[in-house]
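Thanks for coming, everyone. Let's put the model on the screen and walk through it together.

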Amino acid sequence: MHLTDDQLNEYLDDALPKRARAESHLSTCAECTARLSALRSLAAEIESLPEESLARNLAPAVTRRLTSPAAAYSGFPRWLTLTTVLQTAAATVLIASVAPFILEAASTFIPALQAPPVMETILEAQRVWTAWLDALSQFQWPSPPELPASLGLSNFYILLALAGTALAWLVGNGLLLRSQIKQ
Amino acid sequence: MVLTDTFRNSFNRRYTSAMDAPTDRDLILRARRGEVEAYGELVTRHQAGVFNVCYRILHERGEAEDLSQETFLRAHSRLNTFDVNRPFGPWIRRVAANLCLNHLESLKPETEFDEERDAAEGAGPEAVVEVRERGEQIRAALASLPARFRVVIELRHYQGLSYDEISAELNIPLSDVKSHLFRARKLLAEKLHAPD
């Protein structure tokens, strides 16, 4: 009885449980010894593959990406992709649209599952939406307080000062981050 | 005076060289504290090994370089989970193998492996004529294997992992490890020793 291919492979990898028995067989069987020898040659051939040299140094690109602002996004879990978000949104809309019909149909069998009728729910949602639009149309921005005339400043100058401060803030941040962007 | 100089030279040789070349462990600890340059040094040290893992599995240089870069970025995000008392090289090479497998599996849906189809494709006479050097023949033979077979060969033959370690690394049953490995070897033998 010859050794199987699996047994020879396991023998080669020092993973055969009954190794002594296999060795005993190999000492008397020329055919199995030849098969093992071929397997050993193959393993040696696979492992003889020379290492290739790398054409470029990866370190600058890796460190640049680690310090780039985009690296902050690496905190997101891998499954949180655009596709996942869109699929979840689509599924939520679908479930929300279908749920009232399912509940209504189910309530005929299970009285405890009394859901509000679909039309009533839609009308209620419409009422809330209209009320919200009314509130929005009546909204008014508070007018800025009038400055005392004695100061001699008009709103135009105050806005100009605010714009200048914002611009200085942006330029300052740009200068601070410049060293990190260059890396 | 001579004695003092000898002592100083000996001291310098012994300690400045140690200071000049921090260990991987030191670099990892510094990288964990946010020192990107320390991580850059780790990349420089291990990039060749990682690139070769990717190149053996992917068989395409540009892709292998990109995946090597991704491997280091992925490893950086997991640096806090790495046991600093273990060697960094084997760990990062295993990360690379896994990343390559994920990459290959994301390219096309996993299909049932068809040995007849694969043998017909891989052992074409044009391919054999084109691939003259033995190294290239081995690479081409490896590239013709299904993704999981390639990765199992990589982990067993080039990274020296045991069956149990491969099983844990790829999160597959031990029986699958054996089956993938033995079938991969059989296919490689057929391709490498096929008559011209």
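A word on terms: helices (H or I, at least four residues) and strands (E, at least two) are DSSP runs, numbered from the N terminus. With that, read chain B along its sequence: the pattern is α-α-α-α-α-α-α-α-α-α-α. That is eleven helices and zero strands.

Some ground rules. This is a predicted model, where local features need pLDDT of at least 70, side-chain atom pairs count only at pLDDT 80 or more, and totals for chains, interfaces and linings use all residues. Residues are numbered from 1 along each chain as its sequence is written, while chains are lettered from A and ligands numbered from 1 in the order in which they are written.

Now chain A. From the N terminus on, its elements run α-α-α-α-α-α-α. Seven helices, zero strands.

How much of each chain is buried? A residue is buried if 20 or more other C-beta atoms lie within 10 Å of its own, exposed if 12 or fewer, and partly exposed in between, with C-beta atoms placed from the backbone. In chain A, buried residues make up 7% of the 183 residues. In chain B, they make up 32% of the 196 residues.

Next, contacts. Two residues are in contact if their C-beta atoms, placed from the backbone, lie within 7 Å. Take contacts in chain B between residues at least 6 apart in sequence: 64% join residues at least 24 apart. For chain A, residues 24 or more positions apart account for 38% of the contacts with a separation of 6 or more.

Let's zoom in on helix 2 of chain B, residues 24–32. Which of its residues are buried? They are L27(B), I28(B) and A31(B). Seen down the helix axis, these fall within an arc of 100 degrees, so they line one face of the helix. The arc is that of the directions from the helix axis to the C-beta atoms. What do they pack against? Helix 3 and helix 5 (88–107) of chain B. After helix 2 of chain B comes G34(B), with a positive phi near 105 degrees.

On to where the chains meet. The contact takes 27 residues from chain A and 32 from chain B. On the chain B side, helix 3 gives the most, with twelve residues. By class, that side has 16 nonpolar, ten polar and six charged residues. Here Ala, Val, Leu, Ile, Met, Phe, Trp, Tyr, Cys and Pro count as nonpolar, Asp, Glu, Lys and Arg as charged, and the others, Gly among them, as polar.

Two helix pairs to finish. Axes are lines fitted to C-alpha atoms, for helices over the stretch in contact, and angles run from 0 to 180 degrees between N-to-C directions.

Pair one: helix 1 (residues 5–12) of chain A and helix 11 (residues 174–192) of chain B. They pack at about 100 degrees, axes 11 Å apart. They are therefore roughly perpendicular, the word for 65 to 115 degrees; under 35 is roughly parallel, over 145 roughly antiparallel, and the rest oblique. D5(A), D6(A) and N9(A) meet K178(B), L181(B), F182(B) and R185(B). That contact divides into two nonpolar, one polar and four charged residues.

Pair two: helix 3 (residues 30–47) of chain A with helix 11 of chain B, at about 80 degrees, axes 11 Å apart. Helix 3 of chain A is also roughly perpendicular to helix 11 of chain B. L42(A), E45(A) and I46(A) touch R185(B), L188(B), A189(B) and L192(B). This contact has five nonpolar, no polar and two charged residues.
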